[in-house]
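Please open the model in your viewer and keep the sequence panel visible. The stops below are to be selected one after another.

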Amino acid sequence: MKKFKFTLSLALIALAISANLSAQDTNTDNHTISVTIPEVALVDIEPAATKNITLGFTAPTEAGLPIIPATSNNTLWLNYSSIKSVADATRNVSVKLNAVIPGIDIHVTAAAAAGAGAGTLGTPSAQLTLSAADQTIISGIGSAYTGDGANNGHNLTYALAAGSGPGGVANYADLQATATAVATVTYTISDN
C-alpha cells in the first residue's frame, strides 16, 4: 500500500505542476517589432554616362541677323529619392549655374514626373533662366522616388538664347566668340 500511495502522490504532484505550467498560457499573446526608417534625400542626373551636353549657336548667313541657337536638348532626366523627416513636410530641388557665360541665357525646364516612381512626387516650376543663385525647379516633394535612369523622373530640357534682354540676364553686347565655354549646372535636394 505504501508503494501505491507514493506513486499516487507523485502522480498528483506531477498533475498539479503541469496544470500550473499550462495555466501561464492564455488565448492571446504579443510581442513588439521595432522598425527603422532612414531619412533619405538623394538626387542625380541620368543617364550618368552621357550627362554632359553641348549646346551652341549657328552664325547667320545674312548680314543684319543674330546668331541662331541650336535646337534644345532634352536627353537628361532628374531622378530623386526622398523620405521626409517629421519636422519638414516637403523638400525642393534647386538648380544653379557655377559661371554665367557673357551674353548667353541658359534656360532649363523640368517636365512633370514620369516613369516608375511612387509617393508624393514634386511639382516642376516654369522655365528658369539659370544663374549663380539657387532657384527652385521642383517643389513639394514628400516621401517618394522617381524611378532610376532615363525615362524616369523629370525630363529636363535645356535651351540657349543670345542676349534676350528683358526677363533674361544676358545682353547681346556681351557676346564674345569662343570655341568652348563650360558651365556646371548643380541640382540640390533640400528640406524647405
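Begin by selecting P66 together with P60 and Y172: apart from neighbours within four places in sequence, these two residues are the contacts of P66. The model is a predicted one. P66 itself sits in the loop that links β2 (57-58) to β3 (68-69). Is P66 buried or exposed, or does it fall in between? With a relative accessible area of 44%, P66 is partly exposed, because that class covers values from the 20% limit for buried to the 50% limit for exposed. Now add G163 to the selection and draw a distance between the C-alpha atoms: P66 and G163 are 9.7 Å apart in space, although 97 residues separate them in sequence.

Next, select strand β12, residues 154-162. How many of its nine residues are buried? Seven are, and the strand is thus mostly covered. Two partners of β12 may then be displayed in turn.

- Strand β4 (residues 73-83) pairs with β12 in the antiparallel sense, over four bridges. To locate this pairing, select W77, whose bridge partner in β12 is N155.
- Strand β6 (residues 104-110) also runs antiparallel to β12, and seven bridges join the two. Here, select A110 and find its bridge partner in β12, L156.

Move on to the open sheet of four strands, whose order is β8-β10-β5-β13 and whose pairing is antiparallel. Colour the edge strands β8 (123-124) and β13 (185-191), each of which pairs on one side only. Then select β5 (residues 91-97), which is paired with β13 through seven bridges in the antiparallel sense. A convenient pair to label is L97 and V185, the latter being the bridge partner of L97 in β13.

The final stop is the largest pocket, which has a volume of about 1000 Å³. Which residues lie nearest its centre? Select I53, I101, A181, V182 and A183, which hold that position among the 33 residues of the lining. Strands already visited return here: β6, β12 and β13, together with β1 (40-46), each supply at least two lining residues. Colouring the lining of this pocket by residue class will show 22 nonpolar, eight polar and three charged residues.

Technical notes: Residues numbered from 1 in each chain as written. Predicted model: local features only at pLDDT ≥ 70, side-chain atom pairs only at ≥ 80, totals over all residues. Heavy atoms only, no water. Pairing = 2+ DSSP bridges. Buried < 20%, exposed > 50% of the residue type's maximum accessible area, 1.4 Å probe, protein only. 1 Å grid on protein atoms, 1.4 Å probe; cavity = no way out; pocket = protein on both sides within 12 Å on 5 of 7 lines; lining within 4 Å. Points joined across faces, edges and corners; volume = space filled by probe spheres on them. Nonpolar A, V, L, I, M, F, W, Y, C, P; charged D, E, K, R; others polar. Contact = heavy atoms within 4.5 Å.
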